[in-house]
Amino acid sequence: MDNGLIFPYPRRNAREFRQRVLERGQHSRHTCEEPDVSSPSQQSTVRNRLLAALPPDVLAQLLPNLHRVCLPLRKTLAAPAKPIEAVYFIESGWASMVTHLDEGTQAEVGLIGREGLVGQSLATGVDTAFAEAFVQGAGEALRMEARAFQRELDTHPALFRRVLRYTEAMHAQTMQTAACNGRHGLEQRLARWILMAHDRADSDDLPLTQEFLALMLCVQRPSVTVVARTLQQAGIIQYAQGRITVLDRAGLEATACDCYRAVRERFNQLLG
Ligand SMILES: [Zn+2]
């Protein structure tokens with residue numbers, strides 16, 4: 001399935017479908033409650049695409065400081081105005097970045113999956129977070145302490161350049177999200193967010209609750225219900241009990257606004 005792109009188009013065939021069913025079962029069994037800091041990771045098992053794209057000798061030197069941890073649902077990985085204690089290179093699952101507004105509401109501004117990391121602002125010399133990052137799709141990450149990460153950035157220009165390019169890609173994602181929220185319709189935006197989550201998941205089953213969809217779309221929950229029902233009636237998704245199942249990926253792409261394609265192409269251009 002890996003064609004060199006950060007977000008390749010999923011292909012549909014019987015073999016892949018069986019694999020997805022198996023993965024869906026694994027996904028649903030992801031029940032870790034607390035981070036499980038283990039021994040340093042093995043080079044051959046690294047799935048994070050940012051790390052995997054580094055020269056092998058650089059990755060080998062990073063491994064002693066990279067520890068595989070569990071990412072349970074809702075775990076906070078970075079908090080606004082708080083020191084960044086560690087960076088998380090996502091291995092599976094995904095994190096959501098949300099900003100807090102003064103009236104106590106939140107809005108989602110970005111998604112981070114195995115194409116990147118949480119805490120990349122350390123590369124620009126900024127050691128506090130602006131947005132909150134928390135786990136929306138349970139999985140695993142390779143965690144590195146902030147001080148070790150800063151030392152490694154100084155030591156390995158290849159890592160520094162890669163993290164800066166990822167930061168630029170995330171800028172594109174947040175800029176496009178701001179424009180999208182102001183201009184595009186709810187159905188288009190819902191399709192776009194589902195595609196973004198689908199790109200980062202190992203399953204067609206996405207744990208997207210109504211509450212979280214409202215957060216992603218900056219609308220009230222009843223509006224989400226109406227739009228999700230429309231997509232369901234079109235046979236594009238199934239939506240039940242806080243989960244969305246993607247039934248028709250092509251249908252989602254046809255429904256989403258062009259913002260999805262624009263951001264995906266920018267990611268592939270900078271990181272692919
Ligand atoms: Zn849009």
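Side chains alternate along strand β8 of this predicted model. Ile-237 and Tyr-239 point to one face and are buried. Gln-238 and Ala-240 point to the other face and are not buried. Strand β8 covers residues 237-240. Its partner is strand β9, residues 243-246. The two strands pair in the antiparallel sense, and four bridges join them. Ile-237, on the buried face, has Val-246 of β9 as its bridge partner. Ala-240 stands opposite Arg-243 in β9. The two strands form a hairpin, with two residues between them. In the turn, Gln-241 has a positive phi of about 50°.

The hairpin belongs to an open sheet of three strands. The order is β7-β9-β8, and the pairing is antiparallel. Strands β7 (205-206) and β8 lie at the edges, and each pairs on one side only.

A further set of pairings centres on strand β6, residues 132-145. Of its 14 residues, 12 are buried, so β6 is largely enclosed by the rest of the structure. Strand β1 (residues 67-71) runs antiparallel to β6, with five bridges between them. Here Arg-68 has Leu-142 as its bridge partner in β6. Strand β2 (residues 76-78) is joined to β6 by two bridges, again in the antiparallel sense. Thr-76 stands opposite Phe-134 of β6. Strand β3 (residues 86-100) also pairs with β6. That pairing is antiparallel and extends over 11 bridges. Within it, Ser-92 stands opposite Glu-140.

Strand β3 also takes part in the surroundings of helix α7. This helix spans residues 210-217. Its buried residues include Leu-213, Leu-215, Met-216 and Leu-217. Their cover includes β3, β4 (106-112), α6 (186-200) and α8 (221-233). Just after the helix, Cys-218 takes a positive phi of about 60°.

The packing of α7 with α8 was examined separately. Their axes come within 9 Å and cross at roughly 95°. That angle makes α7 roughly perpendicular to α8, because angles of 65 to 115 degrees count as such. On the α7 side, the contact is made by Gln-210, Glu-211, Leu-213, Ala-214 and Leu-217. On the α8 side, Arg-221, Val-224 and Thr-225 take part. These residues divide into four nonpolar, two polar and two charged. Leu-213 and Leu-217 thus appear both among the buried residues of α7 and in its contact with α8.

A second helix pair has another geometry. Helix α5 (residues 157-183) and helix α10 (residues 259-271) pack at an angle of about 170°. Their axes are 9 Å apart. The angle makes α5 roughly antiparallel to α10, because it falls in the range over 145 degrees. Helix α5 contributes Arg-165, Tyr-166, Glu-168, Ala-169, Ala-172, Gln-173, Gln-176 and Cys-180 to the contact. Helix α10 contributes Cys-259, Ala-262, Val-263, Arg-266, Phe-267, Leu-270 and Leu-271. The contact residues divide into 10 nonpolar, two polar and three charged.

Ala-262 serves as an example from this contact. Its place is in helix α10. The residue has 15 C-beta neighbours inside 10 Å and therefore counts as partly exposed. Gln-173 of α5 also belongs to the contact. Ala-262 and Gln-173 are 89 residues apart in sequence. In space, their C-alpha atoms are 9.0 Å apart.

Confidence was assessed by pLDDT. The mean pLDDT of the protein is 85. A value of 70 or more is reached by 84% of the residues. Two stretches stay under 50. Residues 9-31 form one such stretch, for which the model has 15 contacts beyond four places in sequence. Residues 33-38 form another, with 10 contacts beyond four places in sequence. Where pLDDT is low, the predicted coordinates should not be read in detail.

Conventions
Residues numbered from 1 in each chain as written. Predicted model: local features only at pLDDT ≥ 70, side-chain atom pairs only at ≥ 80, totals over all residues. Axes fitted to C-alpha atoms, helices over the stretch in contact; angles between N-to-C directions. Parallel < 35°, antiparallel > 145°, perpendicular 65-115°, else oblique. Contact = placed C-beta atoms within 7 Å. Nonpolar A, V, L, I, M, F, W, Y, C, P; charged D, E, K, R; others polar. Buried ≥ 20, exposed ≤ 12 C-beta atoms within 10 Å, placed from the backbone. Pairing = 2+ DSSP bridges. pLDDT = per-residue confidence, 0-100.
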